[in-house]
Each structure stands twice: as structure tokens, then as C-alpha cells.
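Trainee: Before we go through this model, I would like to ask how each label is justified. Could we take the terms one at a time and set each value against its cut-off?

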Amino acid sequence: MAAVIYLDAVLTAESPKRLCLHSVVVNPHEAGAIRDIYTKKNLPGTGSIFVNAAKLEELYCILRGLCLPHGSQVIIYADDDSICEKTITGANQKVWNKIQAFCDEEKYQVSYAYQGLMQESIRKATAQYAFGE
């Protein structure tokens with residue numbers, strides 16, 4: 001069994017800025033198979049550390065909700081170097097460790113990448129949600 005996760009985020013033009021998170025989860029193990037989720041979050045700051053923290057928390061929630069059999073494959077597409085290259089440090093290390101521990105516990109075979117077939121349309125949909133375009 002396998003699941004594909006696309007994770008995208010963009011800061012709004014609002015003042016104060018808010019983060020629009022958009023995730024698309026393709027999970028054949030679930031009825032409905034595709035979940036398209038949009039959320040807006042207030043952040044304590046606009047720096048990349050706050051954006052990464054929100055993305056990692058979202059990713060952790062998604063992974064916990066997959067309910068895949070042990071040993072399943074999970075492919076995660078993100079526009080974030082630190083996530084794709086697995087180089088999370090500092091304040092976000094605790095969330096990253098939770099993600100890694102959960103995947104190890106479930107024996108998920110996880111791979112990370114920057115681009116997938118749906119990436120461009122997901123990016124457009126995120127911008128439309130964030131800016132009302």
C-alpha cells in the first residue's frame with residue numbers, strides 16, 4: 001500500500017500575515033482516496049522557522065491520519081528544502097523527531113521530493129485560496 005502527500009504553503013498579503021497551508025493526500029487505503037485540505041493559520045512570526053514549524057505539524061497530523069498498513073510506502077512532496085533534504089534543525093527538531101519516530105514505528109518507507117505530477121496545479125490552488133485569485 002502507498003500514499004502520496006503534497007504539502008504547500010504560502011503567506012497571505014493580509015496584515016498580520018497568515019499562513020495558508022494546502023495539503024493533498026492520495027491514499028487508496030481510504031474511501032474517497034483523495035483529501036484536499038486548506039487551512040489558514042496565524043503564526044507568531046513570519047520567518048521561515050515559523051512556516052516550517054506549521055508545515056511539519058501539518059505533516060505529522062496527516063501521517064497519523066493515514067491508517068496505512070505497517071511497511072507501506074509514503075511519498076511526500078514539499079517545496080521546502082529542509083523537509084525534502086531532511087535537514088531540520090533548531091526549534092523544529094522536536095516535531096521532526098516525532099515524525100521520524102512515528103514513521104519508524106509504522107515501518108513506513110518514506111521518500112521526499114520537490115516536484116510531483118500535481119505540484120503545479122496544487123501551487124495554483126494554494127495561491128487562489130490565499131489571495132482569492
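**Labels and their reasons**

Mentor: Let us begin at the surface of this predicted model: lysine 124 and glutamate 120 are both exposed.

Trainee: What makes lysine 124 and glutamate 120 a salt bridge?

Mentor: The closest N and O atoms of lysine 124 and glutamate 120 are 3.4 Å apart, and a side-chain nitrogen of Lys or Arg within 4 Å of a carboxyl oxygen of Asp or Glu is what the term requires, so the pair earns the name. The two residues are four residues apart in helix α4, which means that about one helical turn separates them. In general, side chains of opposite charge can pair when their charged atoms come close.

Trainee: How many salt bridges does the structure hold?

Mentor: It holds two salt bridges. Besides the one within helix α4, aspartate 8 forms a salt bridge with arginine 123, with the closest N and O atoms 3.2 Å apart. This pair links distant parts of the chain, since aspartate 8 belongs to strand β1 and arginine 123 to helix α4 (residues 119–131), 115 residues apart.

Trainee: Why is aspartate 8 called buried, and why is arginine 123 called partly exposed?

Mentor: Buried means under 20% relative accessible area, and aspartate 8 has 0%, so the word applies. Arginine 123 is at 34% relative accessibility, which lies between the limits of 20% and 50%, so arginine 123 counts as partly exposed.

Trainee: What does strand β1 pair with in the antiparallel sense?

Mentor: Strand β1 (residues 2–11) pairs in that sense with strand β2 (residues 18–26) over eight bridges, and at least two bridges are needed for a pair, so the condition is met. Within this pairing, tyrosine 6 has valine 24 of β2 as its bridge partner. The open sheet to which these strands belong is formed by five strands in the order β3-β2-β1-β4-β5, with mixed pairing. What makes β3 (34–42) and β5 (109–113) the edge strands is that each pairs on one side only.

Trainee: Tyrosine 6 is an aromatic residue, so which ring does it pair with, and why is that pair called stacked?

Mentor: There are five aromatic pairs by this rule. In one of them, the ring centres of tyrosine 6 and tyrosine 77 lie 4.8 Å apart, with the planes at 20 degrees; centres have to be within 6.5 Å and planes under 30 degrees apart for stacking, so the pair is stacked. Tyrosine 6 is in strand β1 and tyrosine 77 in strand β4 (residues 73–78), and the two are 71 residues apart. Both tyrosine 6 and tyrosine 77 are buried.

Trainee: Why, then, is the pair of tyrosine 60 and phenylalanine 102 called edge-to-face?

Mentor: The planes of tyrosine 60 and phenylalanine 102 stand at 80 degrees, with the ring centres 6.5 Å apart, and planes over 60 degrees apart count as edge-to-face, so that is the label. Tyrosine 60 lies in helix α1 (residues 48–65) and phenylalanine 102 in helix α3 (residues 93–106), so the pair ties together parts that are 42 residues apart in sequence. Tyrosine 60 and phenylalanine 102 are both buried, and ring pairs link Tyr60, Phe102 and Tyr108 into a cluster.

Trainee: Which residues is isoleucine 99 in contact with, leaving aside its neighbours within four places in sequence?

Mentor: With those neighbours left aside, isoleucine 99 is in contact with Leu56, Leu59, Tyr60, Leu63 and Tyr112. Isoleucine 99 is found in helix α3 and has a relative accessible area of 0%, so it is buried.

Trainee: How do you know that lysine 40 lies over the face of tyrosine 129?

Mentor: Lysine 40 is at 5.2 Å from the ring centre of tyrosine 129 and lies over its face; the distance part of the rule asks for within 6 Å, so that part is satisfied.

Trainee: Finally, why is lysine 107 called exposed, and why is lysine 86 called partly exposed?

Mentor: Lysine 107 is at 57% relative accessibility, and exposed means over 50%, so the term fits. Lysine 86 is at 47%, which falls between the two limits, so lysine 86 is partly exposed. Lysine 107 is found in the loop between α3 and β5 and has a positive phi of about 60 degrees although it is not a glycine. Lysine 86, in the loop between α2 (81–84) and α3, has a phi near 55 degrees, also a positive value in a residue other than glycine.

Key: Residues are numbered from 1 along each chain as its sequence is written. This is a predicted model: local features need pLDDT of at least 70, side-chain atom pairs count only at pLDDT 80 or more; totals for chains, interfaces and linings use all residues. Side-chain values use heavy atoms; hydrogens and water are left out. Rings of Phe, Tyr and Trp (its six-membered ring) pair if their centres lie within 6.5 Å; planes under 30 degrees apart count as stacked, over 60 as edge-to-face and the rest as tilted. Buried means under 20% relative accessible area, exposed over 50%, partly exposed in between (1.4 Å probe, protein chains only). A charge sits over a ring if NZ of Lys or CZ of Arg is within 6 Å of the ring centre and within 35 degrees of the ring normal. Contact means heavy atoms within 4.5 Å.
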